[in-house]
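Work through the exercises below with the sequence and the model at hand. Each task is followed by a worked solution.

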Amino acid sequence: MATTLTPILTRSWDDPQSWTLETYRRDGGYRALEKALSMEAADILGAVKESSLRGRGGAGFPTGMKWSFMAPPDGGPRYLVVNADESEPGTCKDIPLMMANPHVLIEGVIISSYAIGCEHAFIYLRGEVVHVYRRLLRAVEEARAAGLLGSDVNGSGVTVDITVHAGAGAYICGEETALLDSLEGRRGQPRSKPPFPGAAGLYARPTSVNNVESIASVPGIVLEGVDWFTGMGTEKSTGFGIFSLSGHVRNPGQFEAPLGITMRELVDMAGGMRDPDKALKFWTPGGSSTPLFTAEHLDVPLDFESVAAAGSMLGTRALQVFDETVCVVRAVDRWTDFYKHESCGKCTPCREGTWWLKQILGRLEHGEGDEADLDKLLDICDNILGRSFCALGDGATSPITSSIEYFRDEYVAHLTHGGCPFDRAASTLWAKDGDAKETVSA
């Protein structure tokens with residue numbers, strides 16, 4: 001299995017004008033659309049299913065299967081909604097993709113819309129990233145002016161249009177049904193299921209909600225073929241993905257590689273640890289909502305099955321790297337503060353549970369409480385996991401339970417020490433005494 005980098009979605013990122021239609025077309029853009037429009041819609045759906053493309057937004061559900069679960073056409077509207085509400089700590093792949101190469105997403109939206117019989121697609125973007133919002137709007141304008149959007153896409157008679165919608169900045173809107181409620185103008189909260197969006201989604205019509213990277217991967221499958229896509233990755237986790245490395249590596253950034261590459265290889269590609277004298281302590285394989293991994297997991301293949309077998313989730317491939325200067329209790333405490341703040345409050349386990357988790361973790365971080373609080377944390381997590389209305393509650397428990405599993409002694413050390421035994425300044429990129437210290441710019 002090849003584990004070298006595979007610049008596909010990121011191929012043109014270093015071009016001075018990578019976001020323009022001119023650059024995208026010069027690099028072969030919209031050739032996949034021309035090919036798709038000469039195909040039957042069912043054949044495109046079949047190719048995506050055969051490619052085994054799995055959702056790149058976290059859950060890893062097969063994209064083609066999700067499309068096929070939509071209710072059959074009945075003469076009414078059908079919708080494609082792109083989930084661009086990237087909000088989780090450490091997750092940073094969709095926003096740079098839309099910033100550097102918005103047309104690959106737009107081409108993917110047009111092809112995917114044609115495949116599922118959708119004439120009006122929506123891109124739901126996190127509202128704070130105004131620069132990306134403007135770039136997407138401009139890219140849609142360019143595509144429409146070039147005849148690639150509207151009532152006669154590329155002279156084919158196919159109708160597809162795109163609305164770019166900026167949300168109000170709620171993490172909960174990354175959950176697909178909360179996103180749909182927000183898109184309809186209501187408060188973003190998860191819906192009761194069934195019915196699922198495939199049967200009654202946006203405006204109670206059949207809807208497919210897909211991640212940015214999932215849809216952006218469709219043009220390559222159509223243009224290059226199923227064998228090209230399945231030739232990368234593993235048997236059950238096919239293709240490539242953008243791996244986001246942040247934290248204590250020398251060169252953090254986006255690394256596009258086949259699924260199945262290991263963290264050890266990616267850290268080497270990132271220039272190794274920030275300080276070679278400081279060992280890697282823990283890392284997140286899929287963002288802050290996935291169970292932590294440690295140095296013993298560096299050789300776990302980063303594909304859906306292998307990561308799950310090792311006790312975590314691949315998620316959004318947000319690889320946050322922490323060396324031995326970092327206090328795991330403080331890191332988990334800060335993540336929990338985020339989940340408490342972002343809970344929509346609709347269900348009791350998440351609304352009340354995340355609040356109590358934060359109170360107990362805050363006490364432990366300051367050396368207060370006792371060791372029984374660790375069992376109380378695990379008990380609260382057990383009462384949230386699988387009982388909250390959506391996955392936000394489940395995700396909030398993951399770093400807590402895994403950190404206690406791997407670093408229980410560190411929690412206890414806070415109690416015996418009477419506070420955090422770590423020097424917070426040591427985990428930053430700046431010397432605590434103000435001396436000029438060589439740093440690596442992120």
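Buried means under 20% relative accessible area, exposed means over 50%, and partly exposed lies in between (1.4 Å probe, protein chains only). The model is predicted: local features need pLDDT of at least 70, side-chain atom pairs count only at pLDDT 80 or more, and totals for chains, interfaces and linings use all residues. Residues are numbered from 1 along each chain as its sequence is written, and side-chain values use heavy atoms, with hydrogens and water left out.

**Exercise 1.** Classify glutamate 176 and its salt-bridge partner, lysine 66, as buried, partly exposed or exposed.

Solution. A salt bridge is a side-chain nitrogen of Lys or Arg within 4 Å of a carboxyl oxygen of Asp or Glu. Lysine 66 and glutamate 176 meet at 3.1 Å, N to O. Glutamate 176 has a relative accessible area of 19%, so it is buried. Lysine 66, at 25%, is partly exposed.

**Exercise 2.** Classify aspartate 181 and arginine 186 in the same way.

Solution. Their side chains form a salt bridge of 3.2 Å, N to O. Aspartate 181 has 11% relative accessibility and therefore counts as buried. Arginine 186 has 47% and counts as partly exposed.

**Exercise 3.** Which parts of the chain does the pair aspartate 323 and arginine 274 tie together?

Solution. The two side chains meet in a salt bridge of 3.1 Å, N to O. Aspartate 323 lies in strand S9 (residues 318-323), and arginine 274 in the loop between helix H13 (263-269) and strand S7 (280-284), so the joined parts are 49 residues apart in sequence. Helices (H or I, at least four residues) and strands (E, at least two) are DSSP runs, numbered from the N terminus. Both residues are buried.
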